[in-house]
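Good morning, colleagues. Please take a moment with the sequence and the model before I turn to the packing of the helices and the sheet.

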Amino acid sequence: MKVERPSFPEIYMRLAFTLAERSTCKRLKVGTVITSIDYRKVLAIGYNGNASGLANTCDRDEVGNCGCLHSEENAVINCDSPRSTEKFVFVTHLPCAMCAKRLINLGQVKKIFYCHDYRKRDSVELFGIVGIGVEQLHLAGFSEHGVK
């Protein structure tokens, strides 16, 4: 009997959803994992929430302006790999335009994998301009707001 093994993209997307469970954002829990392109190393992780040392809650209830750092922002901050290292990024939700710019500036990001669409899709055009691939990766059992 052949056992089905999960692909590395599935494993890292599941990890992104697990990290999202640590999010303190009231509206949307998002997780990010940055890996090497051979999948052998996790280079950085992040989830959305307030800055270290501040209250573990949103500053405001305004959609798009809750005051939380985005998961991609935190992952970029945590990534100490050189710009020359090629990277894949796994995010539970399609990044916003500002996070797309942060990921572009991280250097050598080759592909963004995401599971759920964000309310705006303008990041797809930005990634396309600089040649970063974007792939939606559907996972059974993972809703827009986390594990079912």
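Glu72, Glu73 and Val76 of helix 2 are in contact with Cys99, Arg102, Leu103 and Leu106 of helix 3, contact meaning heavy atoms within 4.5 Å. Of the residues in this contact, four are nonpolar, none polar and three charged; Ala, Val, Leu, Ile, Met, Phe, Trp, Tyr, Cys and Pro count as nonpolar, Asp, Glu, Lys and Arg as charged, and the others, Gly among them, as polar.

This is a predicted model, in which local features need pLDDT of at least 70 and side-chain atom pairs pLDDT 80 or more, while totals for chains, interfaces and linings use all residues. Residues are numbered from 1 along each chain as its sequence is written, and side-chain values use heavy atoms, without hydrogens or water.

Helix 2 spans residues 71-78 and helix 3 residues 97-106; their axes lie 9 Å apart at an angle of about 20 degrees. Axes are lines fitted to C-alpha atoms, for helices over the stretch in contact, and angles run from 0 to 180 degrees between N-to-C directions. Helix 2 is therefore roughly parallel to helix 3, the term for angles under 35 degrees. Helices (H or I, at least four residues) and strands (E, at least two) are DSSP runs, numbered from the N terminus.

I turn now to the sheet. Its five strands run in the order 2-1-3-4-5, open and with mixed pairing; strands pair if DSSP finds at least two bridges between them. Strand 2 (42-47) and strand 5 (133-136) are the edges, each with a single partner strand, so one side of each has no neighbour in the sheet. Strand 1 (residues 31-36) pairs with strand 2 in the antiparallel sense over five bridges, and Ile34 has Ala44 in strand 2 as its bridge partner.

Technical notes: Angles under 35 degrees count as roughly parallel, over 145 as roughly antiparallel, 65 to 115 as roughly perpendicular and the rest as oblique.
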